[in-house]
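The following paragraphs lead the reader through a predicted model. The account turns from burial to overall form, and then to the surface.

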Amino acid sequence: MSWQAYVFFLALLCIFCLQKTFAEKDDAPGVIFVGLLVPFASFVIAVFAAVLQKLLQQAIEIKQENELTI
């Protein structure tokens with residue numbers, strides 16, 4: 001799931017580049033801010049998902065080790 005979020009982030013970043021050129025013509029700073037907000041929100045979600053995945057893997061490993069302990 002996290003790699004999909006990274007790909008989504010890159011796609012939105014490319015779209016932002018196009019959006020920036022249109023926003024500069026109209027001098028609209030709000031459009032640029034919203035254009036940055038969406039890609040970086042997806043990046044934060046991707047990082048959070050990767051951290052949760054790593055924590056879950058470690059928890060499963062610890063549980064399996066504890067099951068073997070008497």
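A residue is called buried when its relative accessible area is under 20%, exposed when that area is over 50%, and partly exposed in between. By this criterion, buried residues account for 16% of the 70 residues in the chain.

The secondary structure of the predicted chain consists of 2 helices and 0 strands. The radius of gyration is 19 Å, well over the 11 Å that the globule rule gives for 70 residues, so the chain is more spread out than a compact globule. The C-alpha trace spans about 70 × 15 × 10 Å along its principal axes.

Turning to the surface, the chain exposes about 5800 Å², of which carbon and sulfur atoms supply 74%. As for charge, there are 4 positive and 6 negative side chains, and the centres of these two sets lie 3 Å apart.

A nonpolar patch is also found on the surface, formed by W3, Y6, V7, L36, F40, F43, V47, F48, V51, L52 and L55. Together these residues have about 1000 Å² of accessible area. The elements that give two or more residues to the patch are α1 (2–26) and α2 (29–68). Helix α2 gives the most, with 8 residues.

One of the patch residues, F43, may be considered individually. F43 lies in helix α2. Is this residue, F43, buried, exposed or partly exposed? The relative accessible area of F43 is 34%, and F43 is therefore partly exposed.

Key. Residues numbered from 1 in each chain as written. Predicted model: local features only at pLDDT ≥ 70, side-chain atom pairs only at ≥ 80, totals over all residues. Heavy atoms only, no water. Helix = DSSP H or I, 4+ residues; strand = E, 2+ residues; numbered from the N terminus. Rg over C-alpha atoms; globule rule 2.2 N^0.38 Å. Buried < 20%, exposed > 50% of the residue type's maximum accessible area, 1.4 Å probe, protein only. Areas by Shrake-Rupley, 256 points an atom, 1.4 Å probe, with all protein chains shown as cover. Lys, Arg positive; Asp, Glu negative; His and termini not counted. Charge placed at Lys NZ, Arg CZ, Asp CG, Glu CD. Patch = residues over 30% accessible without salt bridge, like charges linked within 9 Å, V, L, I, M, F, W, Y side chains within 5 Å. Salt bridge = Lys/Arg side-chain N within 4 Å of Asp/Glu carboxyl O.
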